[in-house]
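Trainee: I'm new to this one and would like a close look at a single part of it. Could you start with one strand pairing and work outward from there?

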Amino acid sequence: MRARRSMAVLAALTTVGVGVVVATPAPAGAATTAVTCPTGWGSLAKTATDADDGSLTDIRTGRNDCYDRMVLDVPTAGTTGIGYTVHYVDAFYQDPSGVRIPVSGGAIIEILVSAPSYDPETNAATYPGRGGQPLPGVDLTGYRTFRDARFGASFEGVTQVGLGVRARLPFRVFQLSGRLVIDVAHTW
């Protein structure tokens, strides 16, 4: 009797255009995983003071279920902090020239890291970035949030990068030994 009544209710709901999802149990031993994305990062500027000297040697990116990631390698910085300012800007201007560098995306994050892209002793390049050009070796095809990444400049010990993102989304910045990590969320 209950089975007939359930079928009648299901038939009535589908004829009026109400979608019905019937849950079926998972097979025994099957693992189910739900992705829980971090929250509370916000979109305001994040900064840290310069605590150690080091030169930028690489910039790379990666994808996660919840965010896109950019990593700036400053290996000579050791275990002490790397100075940085990471914030949204209306337009990306090369320091110190003031020349506007076009960056694709719905919003632009400016990354200033207290690490030159050259060796201060010899002036030899440690990272091959060129002003206004895409970051060498960075391919953003298939990323959910990242749209463009441009080298700004390396001037007076500070390297500047423009990161184009889909929209003004929350982000976080943290450090690992010799690395500065920027994660930009896929959603609010």
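Which residue in β4 is the bridge partner of A48?

Mentor: It's Y84. Before we go on, a word on what you're looking at: this is a predicted model, where local features need pLDDT of at least 70, side-chain atom pairs count only at pLDDT 80 or more, and totals for chains, interfaces and linings use all residues. Residues are numbered from 1 along each chain as its sequence is written, and side-chain values use heavy atoms, with hydrogens and water left out.

Back to your pair. The bridge between A48 and Y84 belongs to the pairing of β1 with β4 (residues 84–89), which is antiparallel and runs over three bridges. Strands here are DSSP runs of E, at least two residues long, helices are runs of H or I of at least four, and both are numbered from the N terminus. Two strands pair if DSSP finds at least two bridges between them.

Now zoom out a little. β1 and β4 sit in an open sheet of five strands, ordered β1-β4-β5-β7-β6 with antiparallel pairing. Your β1 is an edge strand, as is β6 (146–155), and each of these pairs on one side only. The chain as a whole has one helix and nine strands, and along the sequence the helix comes before the strands, in the pattern α-β-β-β-β-β-β-β-β-β.

Just before β1 comes a loop worth a look. C37 lies in that loop, between α1 (2–15) and β1 (46–48), while C66 is in the loop between β2 (58–63) and β3 (67–73), 29 residues apart. C37 and C66 form a disulfide, with their sulfur atoms 2.1 Å apart; the cut-off for a disulfide is a pair of cysteine sulfur atoms within 2.5 Å. The S-S torsion is about -80 degrees, so this disulfide is left-handed. C37 is partly exposed because its relative accessibility is 39%, whereas C66, at 7%, counts as buried. Buried means under 20% relative accessible area, exposed over 50% and partly exposed in between, using a 1.4 Å probe and protein chains only.

What about β4's other company? It gives two or more residues to the largest nonpolar core, as do β3, β5 (107–113), β6, β7 (158–165), β8 (171–176) and β9 (179–185). Such a core is a set of buried Ala, Val, Leu, Ile, Met, Phe, Trp, Tyr and Cys residues joined through side-chain atoms within 4.5 Å. This one has 31 residues, and M70, L72, I109, I111, L135, L163 and V184 touch the most other members. The largest share, four residues, comes from β5. Apart from this core lies another, of five residues, among them V89, F92, V103 and I108.

V184 makes a nice last stop. Leaving out residues up to four places away in sequence, V184 touches several others, including Y88, I109, L163 and F171, where contact means heavy atoms within 4.5 Å. F171 is also the residue whose bridge partner in β9 is V184. Their strands, β8 and β9, pair in the antiparallel sense over six bridges. In the hairpin of β8 and β9, with two residues between the strands, G178 takes a positive phi near 75 degrees.
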